[in-house]
Amino acid sequence: MSDSFPLSQARVGARGVIVQVGDHCHHDEHAIELERRLLEFGLVEGARIEVIHEGGIKRDPIALRVDETVIALRRREAASLMVRADNAA
């Protein structure tokens with residue numbers, strides 16, 4: 001996954017495809033809960049995303065279009081998602 005990056009590094013206008021959700025660490029209950037919540041939001045492997053807005057303070061939170069849905073995430077939560085850039089997204 002050398003061509004992928006954490007979603008937390010993306011800027012407005014960035015488009016891509018989610019290639020990994022969570023770090024798959026099943027020893028940390030917080031990480032397990034965060035991964036479950038992200039999946040419930042529709043942030044699944046293969047979903048196309050676009051960053052459509054950044055908050056004014058430290059660019060946090062970010063708003064994403066995930067397929068046809070718009071959601072907001074804190075950058076620390078977005079760091080759990082690995083994305084591959086996709087200009088055709």
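**Reading burial, salt bridges and fold in a predicted model**

Q: How should relative accessibility be read for D86: does this residue count as buried or exposed?
A: The general idea is a cut-off: a residue is buried when its relative accessible area is under 20%. D86 has a relative accessibility of 17%, so D86 counts as buried. Please bear in mind that this is a predicted model.

Q: With which residue does D86 form a salt bridge?
A: The criterion is a side-chain nitrogen of Lys or Arg within 4 Å of a carboxyl oxygen of Asp or Glu. The partner of D86 is R48, and their closest N and O atoms are 2.4 Å apart. This pair links distant parts of the chain, for D86 belongs to the segment after β6 and R48 to strand β3 (residues 48–57), with their positions 38 residues apart. In contrast to buried D86, R48 is partly exposed, at 38% relative accessibility. A further point concerns partners that are shared: R11, E54, R59 and R75 are joined by salt bridges into one network.

Q: How many salt bridges does a search of the whole structure find?
A: The search returns 10. Two further pairs show how the sequence positions of the partners may be read. The first to consider is E33 with R36, whose side chains meet at 2.4 Å, N to O.

Q: How far apart along helix α1 are E33 and R36?
A: Both residues belong to helix α1 (residues 29–40), and since they are 3 residues apart, about one helical turn separates them. E33 is partly exposed, with a relative accessibility of 35%. R36 is likewise partly exposed, at 37%.

Q: Which parts of the chain does the salt bridge between E77 and R37 tie together?
A: The side chains of E77 and R37 meet at 3.4 Å, N to O. E77 is in helix α2 and R37 in helix α1, so this salt bridge ties together parts of the chain that are 40 residues apart in sequence. E77 is buried, at 14% relative accessibility, whereas R37, at 31%, is partly exposed.

Q: Where is A79 found, and which residues does it touch?
A: A79 is in the loop that runs between α2 (75–78) and β6 (81–85). Leaving aside residues up to four places away in sequence, A79 touches P6 and S8. Its relative accessible area is 39%, which makes A79 partly exposed. Separation in sequence and separation in space are distinct quantities: A79 and I52 are 27 residues apart in sequence, and their C-alpha atoms are 17 Å apart.

Q: What pattern does the chain follow, read along the sequence?
A: The order is β-β-α-β-β-β-α-β, which comprises 2 helices and 6 strands. The radius of gyration is 12 Å, close to the 12 Å given by the globule rule for 89 residues, so the chain is as compact as a globular protein of that length. The C-alpha atoms fill a box of roughly 35 × 30 × 25 Å along the principal axes.

Q: What share of the residues in the chain is buried, and what share of contacts joins residues at least 24 apart?
A: Of the 89 residues, 39% are buried. Among contacts between residues at least 6 apart in sequence, 64% join residues at least 24 apart.

Q: What do carbon and sulfur atoms supply of the exposed area, and how are the charges placed?
A: The chain exposes about 5,400 Å², and carbon and sulfur atoms supply 50% of that area. There are 12 positive and 15 negative side chains, and the centres of these two sets are 8 Å apart.

Technical notes. Residues are numbered from 1 along each chain as its sequence is written. This is a predicted model: local features need pLDDT of at least 70, side-chain atom pairs count only at pLDDT 80 or more; totals for chains, interfaces and linings use all residues. Side-chain values use heavy atoms; hydrogens and water are left out. Helices (H or I, at least four residues) and strands (E, at least two) are DSSP runs, numbered from the N terminus. The radius of gyration is taken over C-alpha atoms; the globule rule is 2.2 Å times the number of residues to the power 0.38. Buried means under 20% relative accessible area, exposed over 50%, partly exposed in between (1.4 Å probe, protein chains only). Contact means heavy atoms within 4.5 Å. Accessible areas come from the Shrake-Rupley method with a 1.4 Å probe; for residues, only the protein chains shown count as cover. Lys and Arg count as positive and Asp and Glu as negative; His and the chain ends are not counted. The place of a charge is taken as NZ of Lys, CZ of Arg, CG of Asp or CD of Glu.
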